[in-house]
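Hi everyone, thanks for making time this morning. I'd like to walk you through a structure I've been looking at, so let me put it on the screen.

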Amino acid sequence: MPARPSNAPLLRAAAMAAPPGLGVFFLILILLLLLPLRAEEPAAEPADTRDAAQAPVRSAPAPVTDVARLCVCDLLVAQCDTNCCCDPDCSAEDFSLFTACSVPLVMGDSQLCSQKAAVYSLDVEANPPERIFKIIDQVNPSIFCIHATNYKQALYLKTPEIPTAENFDQLLDKFGGATFSVEPDSWNLDTDAQNPPEENETYRYEYGVPVQTEDAFLRLPSPVVSSWCSDANPAGFLVNQATKCIRSVSVGKCDSIQALSMLFYINSSILAVPKSSQMVNITVQSIVVQSLNGMRTLLSSSDVLRLPMVLGELCINAVLGVNYHITHTDTGEIIEAAAAFVLGAISKEELSIEQSFEISFTQENTQPVPLSGNPGYVVGLPVRAGFQPQGSGIIQSSNKHSQLTILHSTSTQDCLAAQGARAPVLFGYNMISGCKLRITAAMKCQPLAQTLLDVLKGQSFPEYVASFGNSQAQDVLDWVPITQLHISEQSSCQIPVALGIEVKWTKYGSLVNPQARIVNVTATITTTTLKQLPSGRERIIPITSSVVFTDISSPAEPSYKAWPTINIKLPFDFFYPFV
């Protein structure tokens with residue numbers, strides 16, 4: 001570094017030239033004038049540093065790291081998502097209708113050593129039930145955890161490219177469609193080449209994972225931005241969906257529109273498990289042909305592939321609807337796939353048609369259980385019932401539709417012949433049934449009592465009843481235990497003669513749209529004394545079974561408070577001179 005010039009000679013010369021009295025004054029004045037010259041000059045900055053300082057500073061928006069504001073299940077815009085306890089659009093009234101929190105814990109990166117976490121739960125003991133929200137400190141017990149996130153670039157999105165006259169056409173081609181990808185071209189999507197899977201590694205479908213095909217994924221067309229169909233919507237595993245959308249058509253070119261052909265929906269085989277070579281072909285389950293006036297006809301054979309074709313001023317065999325049905329194992333492997341089609345005719349006056357699509361999933365060796373309401377019970381639909389083995393969820397009854405049943409009366413009225421005949425208990429319907437039992441002197445007490453108990457309760461009387469019409473088996477708190485009572489006399493031989501089931505329910509939720517919810521079920525067995533008959537004598541006794549539904553809803557409370565009563569006596573001339 002070059003030596004800086006000193007100001008000491010100038011100070012000495014000024015001090016010697018000044019008169020003695022003014023020496024000190026001039027010395028101070030010169031020092032004040034020369035002080036900026038003695039300040040250390042800044043070092044020369046690099047060119048890139050100067051350019052960076054002059055360039056405008058771009059500040060990316062702060063990432064949302066507050067767990068109280070994060071909500072992964074908030075899917076509907078300005079609407080409350082069912083069982084989404086972190087949805088800011090849900091009110092306390094909506095929370096009272098929830099059966100469980102679909103996302104009970106919201107946190108950031110699970111690899112961090114310590115972070116805040118939002119915990120959501122429901123207080124089912126409250127009346128009405130309410131949501132519980134709290135913030136806790138989540139500690140990662142692993143020794144290989146991230147202490148701090150210091151790679152700030154990973155917290156921000158890439159700055160979008162500003163449209164100009166030069167790049168407008170390029171951006172229009174890339175982002176002009178209904179769907180597009182914002183992944184940079186520099187990202188290497190071929191992860192299998194970098195991370196080859198192990199030979200013994202197995203895959204399986206998980207809930208919500210797109211169902212993969214040999215070319216991409218199983219398409220379930222749906223409206224994305226507007227009501228027009230987008231074929232880029234993948235079908236999620238175990239996600240039952242039903243969509244409707246509008247498709248633009250032209251009768252003269254209908255045979256060249258892929259979305260109107262059956263091949264478009266069955267030509268790709270489904271992967272049994274993700275990233276595997278095992279394929280499952282989509283078979284045609286049924287074909288229904290719809291005429292121009294809406295009449296539908298089921299074809300006797302579904303083996304013939306019917307492709308759209310122009311016939312005069314009509315386009316026939318155009319796909320109007322597709323219904324997929326996927327069968328899977330309990331380990332998440334798809335074993336069967338079928339599609340049911342609705343084909344129809346399009347006239348030349350029509351510029352667009354409405355297509356409907358649906359997909360459902362069924363586990364092998366099981367039958368789908370229909371709901372009895374969504375969420376509350378619907379009058380006339382069966383009451384759903386089930387069992388709870390030790391330490392597990394609810395296993396629904398093994399009868400026809402997992403229903404609560406009672407004795408079904410027969411024309412012969414013979415209890416022994418009616419054994420095994422059951423009728424479903426329908427919500428809101430008070431029911432009574434029965435039979436007659438012929439007792440002889442040869443009948444023994446204990447075998448007869450067990451036989452009558454099986455007639456009244458069935459071979460497998462359930463332990464729980466679903467509180468809502470759409471209660472799921474995994475939500476144990478959504479099931480009401482059945483309280484069993486016995487009314488008997490004090491004697492040595494007692495036989496059951498009546499089963500009375502009382503179902504207490506209440507109107508639940510909003511007064512505008514109340515939902516029926518079962519809150520208590522009591523099954524009462526009434527027994528009587530069986531007296532020994534003389535030899536050769538017979539006795540006929542009636543056996544009855546009944547169901548009673550009781551509404552225990554409390555009356556609605558007014559939203560206002562009554563004005564207080566003022567107990568005061570006014571003076572006799574209070575209103576004088578008015579009457």
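I'll talk about some of the disulfides, and then finish with one alanine.

A word of caution before we start: this is a predicted model. So, how many disulfides does the structure hold? There are nine, and I've picked three for today. As a quick reminder, a disulfide is a covalent bond between the sulfur atoms of two cysteines.

Let's begin with Cys113 and Cys145, whose sulfur atoms sit 1.9 Å apart. This pair links distant parts of the chain, 32 residues apart. Cys113 is in the loop between strand S1 and strand S2, while Cys145 is in the loop between strand S3 and helix H5. Which hand does this disulfide have? The torsion about its S-S bond is about 95 degrees, so the disulfide of Cys113 and Cys145 is right-handed.

Now look at how accessible those two cysteines are. Cys113 has a relative accessible area of 17%, and because the cut-off for buried is under 20%, Cys113 counts as buried. Cys145, at 24%, is partly exposed.

On to the second pair. Cys254 is joined to Cys315 by a disulfide, with an S to S distance of 2.1 Å. The link of Cys254 and Cys315 is right-handed too, with 105 degrees about the S-S bond. Where do these cysteines lie? Cys254 is found in the loop between strand S6 and helix H7, and Cys315 in strand S12, so this disulfide ties together parts that are 61 residues apart in sequence. Buried or exposed, you may ask? Cys254 is buried, with a relative accessible area of 1%, and Cys315 is buried at 0%.

My third pair is Cys415 and Cys435, with their sulfur atoms 1.9 Å apart. The torsion about the S-S bond is about 100 degrees here, so the disulfide of Cys415 and Cys435 is right-handed. Cys415 belongs to the loop between strand S17 and strand S18, and Cys435 to strand S19, so the bond ties together parts 20 residues apart in sequence. Both Cys415 and Cys435 are buried.

Finally, the alanine I promised. Ala385 lies in strand S15, which covers residues 385–387. Ala385 is buried, with a relative accessible area of 0%. Which residue, 94 residues away along the chain, has its C-alpha atom 8.4 Å from that of Ala385? That is Trp479.

That's my tour, and I'm happy to take questions.

Conventions
Residues are numbered from 1 along each chain as its sequence is written. This is a predicted model: local features need pLDDT of at least 70, side-chain atom pairs count only at pLDDT 80 or more; totals for chains, interfaces and linings use all residues. Side-chain values use heavy atoms; hydrogens and water are left out. Helices (H or I, at least four residues) and strands (E, at least two) are DSSP runs, numbered from the N terminus. Buried means under 20% relative accessible area, exposed over 50%, partly exposed in between (1.4 Å probe, protein chains only). A disulfide is a pair of cysteine sulfur atoms within 2.5 Å.
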